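Student: Could you take me through the salt bridges of this model in some detail? I would like to see which side chains pair up and how their surroundings compare, and then hear about a few other features.

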Amino acid sequence: MIIVKSTREIELMKKAGEVVAKVFEECGKLMKPGVSTYQINAKAEEVITSMGCTGPCKGYYDYPAMTCVSVNDTLIHGIPSHKIILREGDIVSLDVVANYQGYCADATRTFAIGIISERAQRLMEVTKQAFFNGIAQAKPGNHLGDIQSAIQKTVESNGYNVARDFTGHGIGKSMHEDPSIPNFGKEGSGPLLQKGMTLAIEPMVLEGRKDTRILGDGWTVKSRDGKLTCHYENTIVITENGREIITLTEEEKKLYV
């Protein structure tokens, strides 16, 4: 069942979204060679807790950290570690969920470490564009499949693949609610969108084949062929005439609002 949120609930989610955005602003300053993924997560935890939020990822099915920090061929769920040190040319996805007074917001950004290759830059650009092409279809009266189809077409027309085993999702009191939102689908399919729905839209893109593998830690998801991956996500609210993104940084608002 898709839960439609009240104005009050959406305001609380927006507060959580502001905290998620603040994490990106602060952790972005650490995205440089020589920094460990553990340090990035530590800064994220500091921001989340100092701003009156909790991090629902920590302890979720025994996941050990408040964020996922995924490097290069790690698509999602990279466990922060002292042993994973960022290097020049890496791309790093930081996935953050914050809970404010019982309501969640969820977003991911992929950061470039120093000077990156043209192929990595293009992958990042296409992944972000897939998100924005997807949410261009997010408005009352359209179907969820319209978002999914737009994402898939953007990714595949650029020679990449979307992950098949992992999806976006509804969000609210829980960080994972109905509906499941694959990054592929048919126009006109799925539930009708309506005002008050809150969704985490998150293209997860593979440079090579769509196949993935999960490491022995039970969490880390890598591309099976070892090629680059990218992840971009925001929490959106379906409004009367369209959608609102509630997890943008102040700089991003200047570009996208």
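Tutor: Searching the whole structure turns up 16 salt bridges. Please keep in mind that the model is predicted, and that the values below are computed from it.

Let's start with a group rather than a pair. Lys22, Glu25, Glu26 and Lys29 are joined by salt bridges into a network. Within that group, Glu26 and Lys29 form a salt bridge whose closest N and O atoms are 3.2 Å apart. The two partners sit in contrasting surroundings. Glu26 has a relative accessible area of 18%, so it counts as buried, because the cut-off for buried is under 20%. Lys29 has a relative accessibility of 53% and therefore counts as exposed, the cut-off there being over 50%. Both values lie on the far side of their cut-offs by little enough that it is worth having the numbers themselves in view: 18% for Glu26 and 53% for Lys29.

Now to a bridge that spans the chain. Glu207 and Arg119 meet through their side chains in a salt bridge, with 2.6 Å from N to O. This pair ties together distant parts of the chain, 88 residues apart: Glu207 belongs to the loop between strand S9 (204-206) and strand S10 (212-214), while Arg119 is in helix H3 (residues 118-135). On the loop side, Glu207 is buried, because its relative accessible area is 16%. On the helix side, Arg119 is at 45% relative accessibility, so it counts as partly exposed.

Another bridge of this kind joins Glu187 and Lys153, with their closest N and O atoms 2.6 Å apart. Here too, distant parts of the chain are linked: Glu187 comes from the loop between S7 and strand S8 (198-201), Lys153 comes from helix H4, and 34 residues separate them. Glu187 counts as exposed because its relative accessibility is 54%, whereas Lys153, at 48%, counts as partly exposed.

Helix H4 is worth a second look. The helix covers residues 144-157, and Leu144 is part of it. With a relative accessible area of 3%, Leu144 is buried. The C-alpha atom of Leu144 is separated by 22 Å from that of Lys210, a residue 66 positions away along the chain.

Strand S7, which we met beside the loop of Glu187, leads us on to the largest pocket. That pocket holds about 410 Å³ of space. It is lined by 23 residues, and those closest to its centre are Tyr60, His77, Asp95, His169 and His176. Strand S3 (91-100) and strand S7 (177-181) are the elements that give two or more residues to the lining. S7 provides the largest share, with 4 residues. By character, the lining divides into 11 nonpolar, 5 polar and 7 charged residues.

Finally, a word on the surface. Leu255, Tyr256 and Val257 make up a nonpolar patch there, and together they have about 350 Å² of accessible area. Tyr256 lies in helix H5, which runs over residues 250-256. Its relative accessibility is 31%, so Tyr256 counts as partly exposed. That value also fits its place in the patch, because patch residues need over 30% relative accessible area.

Note on methods:
Residues are numbered from 1 along each chain as its sequence is written. This is a predicted model: local features need pLDDT of at least 70, side-chain atom pairs count only at pLDDT 80 or more; totals for chains, interfaces and linings use all residues. Side-chain values use heavy atoms; hydrogens and water are left out. Patches are made of residues with over 30% relative accessible area and no salt bridge: like charges are joined within 9 Å, nonpolar side chains (Val, Leu, Ile, Met, Phe, Trp, Tyr) within 5 Å. Accessible areas come from the Shrake-Rupley method with a 1.4 Å probe; for residues, only the protein chains shown count as cover. A salt bridge is a side-chain nitrogen of Lys or Arg within 4 Å of a carboxyl oxygen of Asp or Glu. Buried means under 20% relative accessible area, exposed over 50%, partly exposed in between (1.4 Å probe, protein chains only). On a 1 Å grid over the protein atoms alone, a cavity is a set of points where a 1.4 Å probe fits but cannot get out, and a pocket is an open set with protein on both sides within 12 Å along at least five of seven lines; lining residues have an atom within 4 Å of a point. Grid points are joined across faces, edges and corners, and a volume is the space filled by probe spheres set on the points. Ala, Val, Leu, Ile, Met, Phe, Trp, Tyr, Cys and Pro count as nonpolar, Asp, Glu, Lys and Arg as charged, and the others, Gly among them, as polar.
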